[in-house]
Amino acid sequence: MRMILLGPPGAGKGTQAARLAERAGAPHIATGDIFRANVAQGTRLGRRAKRYMHRGDLVPDEVVIAMVMDRLAEPDCADGFLLDGFPRTVAQAEALDRRLAELETPLAAALNFEVTEEELFRRLAGRSAALHRSDDTEQTIRHRLEVFAVKTRPLIDYYRHRGLLARVDAVGAIERVAARIDAALAVLGVTAIVASV
């Protein structure tokens, strides 16, 4: 099962990805975790990424692609994965498509988590207060949502045209959103996760 999760910061991708990964027996790969690990380890890519992350900007494609492709090359990804936070641009999506085509392992679905801007801000502000995250200040939250709106939304069209997009209303209880995901995947004919419950 190879699936990506699209949606703005705070849409619940991480929460649902962890649940889906457990059910599918596939790793949940969160680019935020990859970024933070590279920054904490002081890798060359991590130092480059850090400059952008602290401003709330998207990390340049070449840095993100290099980090993610390194992670996808690990053995636990051989049978599938759930990508959370990648791709964020069409260039990244195309790089992922090329890599998966080389491996003859196509993407099964792209789940788009849909949440109102007001709800996103409420969630992110709450997370910032609870976790004391330096990348979730009020100014940075607003900037991240603006960057998402401009740079990432073209992915929705990209995956819609490929017939892989499943839209999910991501507002509500975790279990209710999970049920909506199952229904959206079933519409796409992706039943491996649904059947494994």
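Helices here are DSSP runs of H or I with at least four residues, strands are runs of E with at least two, and both are numbered from the N terminus. In this predicted model, Thr191 lies in the loop that runs between helix 9 (174–188) and helix 10 (192–195). With a relative accessible area of 44%, Thr191 is partly exposed, because that class covers values between 20% and 50%. Thr191 and Lys151 are 40 residues apart in sequence, and their C-alpha atoms are 31 Å apart in space.

## Open and enclosed spaces

Rolling a probe the size of a water molecule over the atoms shows where empty space is left. The table sets out three such spaces in this model.

| Space | Volume | Nonpolar lining residues | Polar lining residues | Charged lining residues |
|---|---|---|---|---|
| Largest pocket | about 1000 Å³ | 22 | 15 | 11 |
| Second largest pocket | about 160 Å³ | six | one | four |
| Largest cavity | about 30 Å³ | three | one | three |

The largest pocket is lined by 48 residues, and those that lie nearest its centre are Pro9, Gly10, Lys13, Arg127 and Arg144. Two or more residues of this lining come from each of strand 1 (2–6), helix 1 (13–24), strand 2 (28–30), helix 2 (31–41), helix 6 (117–131), helix 7 (138–152), helix 8 (154–161) and helix 9.

The second largest pocket is lined by Pro8, Val115, Thr116, Glu117, Leu120, Arg142, Leu145, Glu146, Phe148, Ala149 and Arg153. The elements that give two or more residues to this lining are helix 6 and helix 7, and helix 7 gives the most, with five residues.

The structure holds one cavity of 30 Å³ or more. Its lining consists of Gln16, Arg19, Leu20, Arg23, Ala178, Ile181 and Asp182, and the elements that give two or more residues to the lining are helix 1 and helix 9. Helix 1 gives the most to the lining of this largest cavity, with four residues.

## Helix 5 and its packing

Helix 5 covers residues 90–103, and its 14 residues should span 20 Å at 1.5 Å a residue; the end C-alpha atoms are 20 Å apart, which agrees with that expectation. The expected value is 20 Å because the span is taken as 1.5 Å times one less than the number of residues.

Which residues of helix 5 are buried? They are Gln92, Ala93, Ala95, Leu96, Asp97 and Leu100, and these buried residues pack against strand 1, helix 4 (61–72), strand 3 (81–84) and helix 8. An α-helix has 3.6 residues a turn, so residues three or four places apart point the same way. Just after helix 5, Glu104 takes a positive phi of about 55 degrees.

Two packed helices are described by the angle between their axes and the distance between the axes. For helix 5 and helix 8, the axes come within 9 Å and cross at roughly 35 degrees. Val90, Ala93, Glu94, Leu96 and Asp97 of helix 5 make this contact together with Pro154, Leu155, Tyr158 and Tyr159 of helix 8. By class, the residues of the contact between helix 5 and helix 8 divide into seven nonpolar, no polar and two charged.

## Two strand residues

Asn112 is found in strand 4, which comprises residues 109–114. Is Asn112 buried or exposed? Asn112 counts as buried because its relative accessibility is 3%, and buried means under 20%. When residues up to four places away in sequence are not counted, Asn112 touches Leu6, Gly7, Ile156, Leu165, Ala166, Arg167 and Val168.

His28 has its place in strand 2. Since its relative accessible area is 27%, which falls between the 20% and 50% limits, His28 is partly exposed. With residues up to four places away in sequence again left out, His28 touches Gly14, Ala17, Ala18, Ala21, Leu82 and Asp84. His28 and Arg44 are 16 residues apart along the chain, and a distance of 24 Å separates their C-alpha atoms.

Methods: Residues are numbered from 1 along each chain as its sequence is written. This is a predicted model: local features need pLDDT of at least 70, side-chain atom pairs count only at pLDDT 80 or more; totals for chains, interfaces and linings use all residues. Side-chain values use heavy atoms; hydrogens and water are left out. Buried means under 20% relative accessible area, exposed over 50%, partly exposed in between (1.4 Å probe, protein chains only). On a 1 Å grid over the protein atoms alone, a cavity is a set of points where a 1.4 Å probe fits but cannot get out, and a pocket is an open set with protein on both sides within 12 Å along at least five of seven lines; lining residues have an atom within 4 Å of a point. Grid points are joined across faces, edges and corners, and a volume is the space filled by probe spheres set on the points. Ala, Val, Leu, Ile, Met, Phe, Trp, Tyr, Cys and Pro count as nonpolar, Asp, Glu, Lys and Arg as charged, and the others, Gly among them, as polar. Contact means heavy atoms within 4.5 Å. Axes are lines fitted to C-alpha atoms, for helices over the stretch in contact, and angles run from 0 to 180 degrees between N-to-C directions.
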